[in-house]
Every structure is written in structure tokens, then in C-alpha cells.
Amino acid sequence: MNKNLQEQIIRSSGVNVLKCMRCGKCSGTCPSYGEMEYHPHQFVYMVERGEIEPLLKSESLYKCLTCFACVERCPRNVEPAKVVEAVRLAAVRQQGNNHLTPAQIPDMLDDDLPQQAIVTAFRKYTK
Amino acid sequence: METFTYYPGCTLRTKAKDLDTYARSSAEALGISLVEPADWQCCGGAYTTAKDEIATKLSAVRTLNAAKESGTALVTVCSACHNVIKQTNYDISNNDDMAMKVNNYLKLSEPYSGETTVYHYLELLRDVVGFDKLKEKVVNPFKGKKIAAYYGCLLLRPSKALAMDDPENPTIMEDFIKAIGGTPVIYAQRNECCGGYITMEDKAQAAKRSGAVMDSAKDQGADMVITACPLCLYNLRKNSGSDLPVYYFTELLAEALGLKEANNE
């Protein structure tokens, strides 16, 4: 259990994980459910338990589309996407742990890809 | 002529010129003057919800403050800019700690605390122009065309900050379609995500998501899909594998108003 990181993530997210009643609606409505090792309800539960390390290492951090479906549809207003974001920030804020670097960008481009995709990916994946 | 501050955002300058050009020409025809603020910055594409992030919110505050200083409401048209700017405005109005940190950094002549009213272009049509008035100005109605409105995620959610429409049963784009003489098509995936920026590193997921959206629209008999988002347009056109045409809503608006040739797809 990582008390220090747990506190940082809870504060940064602004989420009260204790409000979760484990109904699973966030994961049921998540468009990335099939791509995730840990699903939105598990992020909330594992942060509550202080099980931060497995989340920090998981590719699931980079599968969240920030579509706010879980935020909108949670019957308890827990806002799981904010927990996912706080954990992702805790990961990419570590030295040398950016998920995307400028050198990787040229290979990802095509003639139609909007800037919007690039700036959004940088905001999500890089510090 | 009523004047508004108009924020185009980075993508409307390059890959999404049609979204921008036809928004401007249509506004002029509808008696709305859109004035671009000097030296605007990219909104960042995605709102950072974390409470301890300040720098990533500053560009949106600068835009909001530019509108405040000019004494006009702010109009956005790209779904992502709209989302970032409205969420920033909501948080700076409701989170004193964030407002204090932002203002301590920016040192504006007067602190910014959420004074600006933000309209998405669709809200401008609904709330300022009025869909009835728009209907009267239509010269080329989309008669008999079945048009599927794609909201995606960014136009509606989180609804407490965006406050644009019912997040699960929206009507604003369908009402727009009716105003330009078309027939709206309601389909299950209209407010589910297209995959967004995941196309950068996981084409398969982007294909799965955007394909689900397009199949859902096609199953309900749509002739075309319209969107307000450059990244949605990209995913729906390039990653979905569907042959259903996708346009910006401003293209249809300009066509209906007689300002643009018809699309030939």
C-alpha cells in the first residue's frame, strides 16, 4: 500500500472514492472497456485500497479516451475519469516516464490528421 | 449587427478550414459579427481535470478574459475548444483555489473569475439567432435528406459544466437539421465516443469505436453524418471503414443559406 501516492492522487483528482457503491456502471459504459486491463470501477476501488503501483504500470492509463461517459453516468457522482487522470498524471510526472515523445510524432502523421489529436495526446501522455 | 468574440482554435486554421470558413460566412449572413481576439493560443485539446494543474488551463483563461475585456460573449465552434473553454470557465467560477492560483500567475488588470458567457456556435444559432429565424433564411433546404447528428463526447459532457443540452437525449443538432429542411436520424451511438486521439497509437481501437458510430447511423437509414469536431470527422471518415459521407455542420448551414456549392458525394 502506497499511502503517499494514494493521498496525492485523491487530492489531485478531487474525487471522494468512498462514495463508490460498486455498481459498475462506469465500466459498463466505458468505450475502452475491452482494451483495459483495469477498468474504471477498479481504478476507483484500487485507489481506495492504496493499490497504486499496478495502476501506475498499466497500459490502461493510456486507453481512457476522456469522453466523460463515466463521469456523466455515475449514479453517485464519483467521477471515475478524474481518478484515472490523477493516476496517469502521477505516472507521467515521474522523471523519464513520458508516454509520448516528440520524436515519435512524425511516424504517426498522415495528411488529414488534425492538430487537435496531437495536442490532446501530448496533454494526456506527456509532462 | 451583434458582435461576439470568436475563438477558432488551432485545427480550424489548417485541417478543418471548412468548419471555420462556413461558420464565418454563415454568421455574417445571419447578421452576426465574429471578431477574433489578437494572439489567441491553442486551448490544449483536452481539459485537464486535475486540481493541481494550473499551467494547462491558462490559455483558455486568456481567451475567456479577452472576451471579457472586449465586453462580448465568446463563441467557439470546434467541439474540443468548446469543451476545454467551458470546463475552464466552470471550474474558475466554482473553485476558489484554482481561481486564486490562475490569477496570481496571470496578473490581469482585473482578476478573471468566470464572467464571460460561452456559446458553442450551435447555441448561437439556437439561443441568439433562433432556429425559427434560421429557417426563414434557408434558400436551399435539405429536403428529403436523412441526416444523422453526431454529438460525440465533447459537446455534451460533463453536462454540469457544458450546460448545452440534455446529455443523454440531446435535441440541439436535430433541431438544427430541421431548421435547414432535413430529416434528423436518431441512432444509439450519437453521443458515444469516436475514439478521439487514440488513433495516434491504437488504430484498431479507433476503428472499432468509429465503426460502431457509423454502423449505428447507417442502420437507422442515414444519408450522411454531421459533426462539429475535426477529430470526430477524421475518425469517422478515415478509421470507420464506412462509406457514409461525413460533413461539418457548418458546411450544411452555408449550403442551406446559399453560400456554398453542394457537396458531391
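Begin by selecting helix 10 of chain B in this predicted model. Helix 10 of chain B is mostly covered, with eight of its 10 residues buried. Display the side chains of B:Pro230, B:Leu231, B:Cys232, B:Leu233, B:Tyr234, B:Asn235, B:Leu236 and B:Asn239, which are the buried residues of this helix.

Next, add the surroundings of helix 10 of chain B. From chain A, select helix 7 (115-125), against which the buried residues of helix 10 pack. Their partners within chain B are helix 1 (17-29), helix 3 (79-94), helix 9, strand 7 (224-227) and strand 8 (246-248). Then step past the end of helix 10 of chain B to B:Gly241, whose phi is positive, near 75°.

Now turn to the contact between the two chains. Chain B contributes 35 residues and chain A contributes 30 residues. On the side of chain B that touches chain A, helix 9 (203-219) and helix 10 (230-239) each supply at least two residues. Helix 10 of chain B gives the most to that side, namely four residues. Coloured by residue class, the side of chain B that touches chain A shows 16 nonpolar, 12 polar and seven charged residues.

Finally, select chain A as a whole. Its secondary structure consists of seven helices and zero strands. Oriented along its principal axes, chain A has C-alpha atoms that fill a box of roughly 45 × 30 × 20 Å. The radius of gyration of chain A is 15 Å, which agrees with the value near 14 Å for a compact globule of 127 residues. Of those 127 residues, 49% count as buried. Among contacts in chain A with a separation of 6 or more, 72% join residues 24 or more positions apart.

Conventions
Residues numbered from 1 in each chain as written. Chains lettered and ligands numbered in written order. Predicted model: local features only at pLDDT ≥ 70, side-chain atom pairs only at ≥ 80, totals over all residues. Contact = placed C-beta atoms within 7 Å. Nonpolar A, V, L, I, M, F, W, Y, C, P; charged D, E, K, R; others polar. Buried ≥ 20, exposed ≤ 12 C-beta atoms within 10 Å, placed from the backbone. Rg over C-alpha atoms; globule rule 2.2 N^0.38 Å.
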